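Which side-chain contacts deserve a look in this model? Please have the sequence and the coordinates open.

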Amino acid sequence: LDTICLKALRKEPADRYASAEALAADLRRWLADEPIAARPPSRGYRDRKFFARHRIGATATAAAVLVGIVLSAVYATSLARERDRARTEAATAEQVADLMIEMFDRDPFAGDADRLDSMTVRTFLLERGGDAVKGLADRPVLQARMATLLSHLEGQLGEYDRAFDLAWLAVAIHDSLGTETAQAGEAHSALANGYYFRGDYADAETHYRRALALAEANFPEGHPNIAEAVNNLAFALPDVDREGAIEEAISLGRRSLELHTLAFGEDHIEVAQAHNNLGAYLYAADRHEEAATHYRRALGIREAAFGEHPLVANTQTNLANLLHETGDVEGAI
């Protein structure tokens with residue numbers, strides 16, 4: 001669903017859906033657990049969608065095998081809990097899709113039709129996002145999910161105060177419900193982002209740690225969500241005024257690199273980001289030789305993936321600053 005929304009919000013018209021019908025068709029594919037057009041096809045992706053569409057048969061087969069291995073009350077209780085969680089998350093995702101459709105829906109003959117066609121994303125979210133969240137007061141789980149989603153979008157658009165308020169609402173809802181889900185972790189991560197942009201690094205650290213704990217509780221080791229949560233916490237620590245923070249950031253940075261490599265492979269752009277961040281922590285600790293190694297690895301991956309690109313320039317700048325500080329002026333130039 002995030003992939004579909006991001007495609008609909010792309011900056012360049014050619015990168016967005018060609019029509020409302022194309023967007024609707026992709027949403028119908030998503031609801032039917034079919035491969036979506038917004039995501040590049042792959043064998044693994046198509047296979048996952050196939051099994052999702054045939055989950056009843058697949059679940060029945062798996063259940064028969066597992067029952068043949070062990071039948072215990074503990075397992076039955078665990079299975080029921082996972083089933084209920086999956087049903088809840090599926091229902092919430094479908095409700096979010098419906099709500100997004102309602103937000104974008106309009107009468108083509110309405111007086112504001114032309115204005116909506118030329119409206120910026122920021123204006124659209126300011127005018128419709130808040131009302132959409134307020135209207136979900138009687139459905140708190142959905143309200144929290146929608147508030148988290150909009151908080152991320154508002155933050156990316158530079159609307160940091162609105163992003164903070166939405167994230168705070170999402171966390172408050174999860175706390176009141178006592179939920180320990182992956183969605184609660186996403187809400188804490190969004191609130192941590194809000195604190196970080198406000199310069200309140202201690203509170204940002206608190207919520208990044210909570211987001212990491214919930215990611216570790218809800219996903220298996222090596223899952224990309226855990227890698228992201230580790231990376232977020234590590235990124236915030238150098239700004240925390242506490243002895244040992246930078247050394248912990250380095251330790252977490254190494255774990256983030258390991259997890260991202262495990263999840264994506266050695267040459268993925270997410271791995272390049274992990275190398276770049278670890279280089280920054282090592283640079284801050286005056287461990288220049290190690291930092292340069294990671295900066296160069298990040299630069300190699302990014303140049304191979306992007307060519308001339310702002311992310312390439314970012315790593316070049318980091319490495320140039322390091323070389324200048326260590327006396328290699330020619331290399332820095």
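This report covers charged pairs, one loop arginine, aromatic pairs and charges over rings.

The model is predicted.

**Salt bridges**

Side chains of opposite charge can pair when their charged atoms come close. The structure holds 16 salt bridges. Three of them are tabulated here.

| Salt bridge | N to O distance | Citation |
|---|---|---|
| Arg209 and Glu205 | 2.9 Å | closest N and O atoms |
| Arg209 and Glu248 | 2.9 Å | N to O |
| Arg254 and Glu290 | 3.0 Å | N to O |

Take Arg209 and Glu205. Both belong to helix 11, residues 201-218. They are four residues apart there, so about one helical turn separates them. Is each partner buried or exposed? Arg209 has a relative accessible area of 31% and is partly exposed. Glu205 is at 10%. That value is under the 20% cut-off, so Glu205 counts as buried.

Arg209 also forms a salt bridge with Glu248. Arg209 sits in helix 11 and Glu248 in helix 13, residues 245-264, so this pair ties together parts 39 residues apart in sequence. Glu248 is partly exposed, with a relative accessible area of 24%.

Next come Arg254 and Glu290, joined by a salt bridge. This pair links distant parts of the chain, with Arg254 in helix 13 and Glu290 in helix 15, 36 residues apart. Arg254 is partly exposed at 34% relative accessible area. Glu290 is partly exposed too, at 32%. Elsewhere, salt bridges with shared partners join Glu205, Arg209, Arg242 and Glu248 into one network.

**Arg287**

Where is Arg287 found? It lies in the loop between helix 14 (269-284) and helix 15 (288-306). Its relative accessibility is 27%, so Arg287 counts as partly exposed. Neighbours within four places in sequence aside, Arg287 contacts Glu247, Ile250, Arg254 and Leu282. With Glu247 there is a polar contact, side chain to side chain, at 3.4 Å. Another of these contacts, Arg254, is the salt-bridge partner of Glu290.

**Aromatic pairs**

How many aromatic pairs does a search of the whole structure find? The search finds five. One is Tyr196 with Phe197, an edge-to-face pair. The centres of Tyr196 and Phe197 are 6.3 Å apart, with 80° between the planes. Tyr196 is buried, with a relative accessible area of 18%. Phe197 counts as partly exposed at 48% relative accessibility.

Tyr196 also forms an aromatic pair with Phe235. This pair is tilted: 5.9 Å centre to centre and 50° between the planes. Tyr196 lies in helix 10 (residues 182-197) and Phe235 in helix 12 (residues 224-236), so the pair ties together parts that are 39 residues apart in sequence. Phe235 has 42% relative accessibility and counts as partly exposed.

Which residues make up the aromatic cluster? Tyr160, Tyr196, Phe197, Tyr201 and Phe235 form one cluster.

**Charges over rings**

Two charged residues lie over ring faces. Lys7 is over the face of Tyr17, at 5.4 Å from the ring centre. Arg198 is over the face of Phe164, at 3.7 Å from the ring centre.

**Recap**

Arg209 takes part in salt bridges with Glu205 and with Glu248. Tyr196 pairs with Phe197 and with Phe235. Arg287 makes its side-chain polar contact with Glu247.

Methods
Residues are numbered from 1 along each chain as its sequence is written. This is a predicted model: local features need pLDDT of at least 70, side-chain atom pairs count only at pLDDT 80 or more; totals for chains, interfaces and linings use all residues. Side-chain values use heavy atoms; hydrogens and water are left out. Helices (H or I, at least four residues) and strands (E, at least two) are DSSP runs, numbered from the N terminus. Buried means under 20% relative accessible area, exposed over 50%, partly exposed in between (1.4 Å probe, protein chains only). Contact means heavy atoms within 4.5 Å. A polar contact is a pair of N or O atoms within 3.5 Å; within protein, one must be able to donate a hydrogen and the other to accept it, and residues adjacent in sequence count only if both atoms are side-chain atoms. A salt bridge is a side-chain nitrogen of Lys or Arg within 4 Å of a carboxyl oxygen of Asp or Glu. Rings of Phe, Tyr and Trp (its six-membered ring) pair if their centres lie within 6.5 Å; planes under 30 degrees apart count as stacked, over 60 as edge-to-face and the rest as tilted. A charge sits over a ring if NZ of Lys or CZ of Arg is within 6 Å of the ring centre and within 35 degrees of the ring normal.
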